[in-house]
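Student: Could you take me through one part of this model in close detail? I'd like a single connected account rather than a list.

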Amino acid sequence: MHSMTASNLRSAYGGESMAHMRYVIWGDKARRDGLANVARLFMAIAAAEQIHASNHFRELRAEAQDFLVASMAVFGLLESSDNLQGGIDGETYEVDEMYPAYLEEARFQGEKGAQLSFNYALSAEKTHAALFRKAKKAVDAGKDPELGPLQVCQVCGYTVEGEAPDRCPICNVGKERFQAFK
Ligand code: FE2
Ligand code: FE2
Ligand code: FE2
């Protein structure tokens, strides 16, 4: 694999791994504060970030070496409104800057597997940002958001409220590949 794409995959793996943990921590905080649906949203999206990290890691399967990995990451454990804003900021950075740049480089280098992994994450992060925005609006109005079941595609991390679709709009797998967070 080209070294630049490998480096981008490692950085994205680091960023997704930290996003996973950050959402678990923020979800735990929301649960303790009585915001059950905010907690459930953070846990569902944490699961999606684990899928992104796993996809990137698998693309690096042949790159067996130790590396020091630097990744952009949001920090802070504040109130749930701030934590949701942190989620919005992190997802937006990935959608607007990080994944489009990584995707272009992977295309330039002809790295098909990395393109797919970056593309899944880029598309899924858009759904995460939208759900965080909806939740923050409710929390800022002093309420736990009304949220139906949350469905997470186990292949690409696409996350949607309500019923699982017959086919994932990002990766096209069937509804049996969705995990529900109720
Ligand atoms: Fe992600
Ligand atoms: Fe995300
Ligand atoms: Fe999917």
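Tutor: Let's start with two cysteines: C156 and C171 are both buried (under 20% relative accessible area, with over 50% counting as exposed and anything in between as partly exposed, using a 1.4 Å probe and protein chains only). Before going on, bear in mind that this is a predicted model, where local features need pLDDT of at least 70, side-chain atom pairs count only at pLDDT 80 or more, and totals for chains, interfaces and linings use all residues. Residues are numbered from 1 along each chain as its sequence is written, chains are lettered from A and ligands numbered from 1 in the order in which they are written, and side-chain values use heavy atoms, with hydrogens and water left out.

Back to those cysteines: they help hold the iron ion (ligand 3), whose protein donors are the SG atoms of C153, C156, C168 and C171, lying 2.3 Å from the ion. Donors here are N, O and S atoms within 2.8 Å of the metal (3.2 Å for Na, K and Ca), and since water is not among the atoms, sites may look incomplete. Along the chain, the ligand 3 donors run C-x2-C-x11-C-x2-C. C156 sits in the loop between β1 (150-153) and β2 (159-161), and C171 in the loop between β2 and β3 (178-181), so the pair ties together parts that are 15 residues apart in sequence. Strands are DSSP E runs of at least two residues and helices H or I runs of at least four, numbered from the N terminus. With angles of 101 to 118° among the four donor atoms, the ligand 3 site is tetrahedral (all angles between 85 and 135 degrees). For reference, the ideal angle for four tetrahedral donors is 109.5 degrees.

Now for the other two irons. Ligand 1 and ligand 2 are 3.6 Å apart, and E49 coordinates both. The iron ion (ligand 1) takes two OE contacts from E16, plus E49 (OE), H52 (ND1) and E125 (OE), at 2.0 to 2.4 Å. Its donor residues are spaced E-x32-E-x2-H-x72-E in sequence. Here E49 in helix α2 (residues 36-59) and E125 in helix α4 link distant parts of the chain, 76 residues apart.

The iron ion (ligand 2) is coordinated by E49 (OE), E91 (OE, twice), E125 (OE) and H128 (ND1), at 2.0 to 2.4 Å, and the donors follow E-x41-E-x33-E-x2-H. E125 and H128 both lie in α4 (residues 112-140), three residues apart, about one turn of the helix. How exposed are they? E125 has a relative accessible area of 0%, and H128 also comes out at 0%. E49 is buried too.

Finally, the packing around α4. Helix α3 (residues 80-108) packs on α4 at about 160°, with axes 8 Å apart (lines fitted to C-alpha atoms over the stretch in contact, with angles from 0 to 180 degrees between N-to-C directions). That makes α3 roughly antiparallel to α4, a term used for angles over 145 degrees. Helix α1 (residues 3-32) packs on α3 at about 165°, with axes 11 Å apart.

Note on methods:
Four donors count as tetrahedral if all angles lie between 85 and 135 degrees; four count as square planar and six as octahedral if opposite donors are over 155 degrees apart and all others between 65 and 115; anything else is irregular. Angles under 35 degrees count as roughly parallel, over 145 as roughly antiparallel, 65 to 115 as roughly perpendicular and the rest as oblique.
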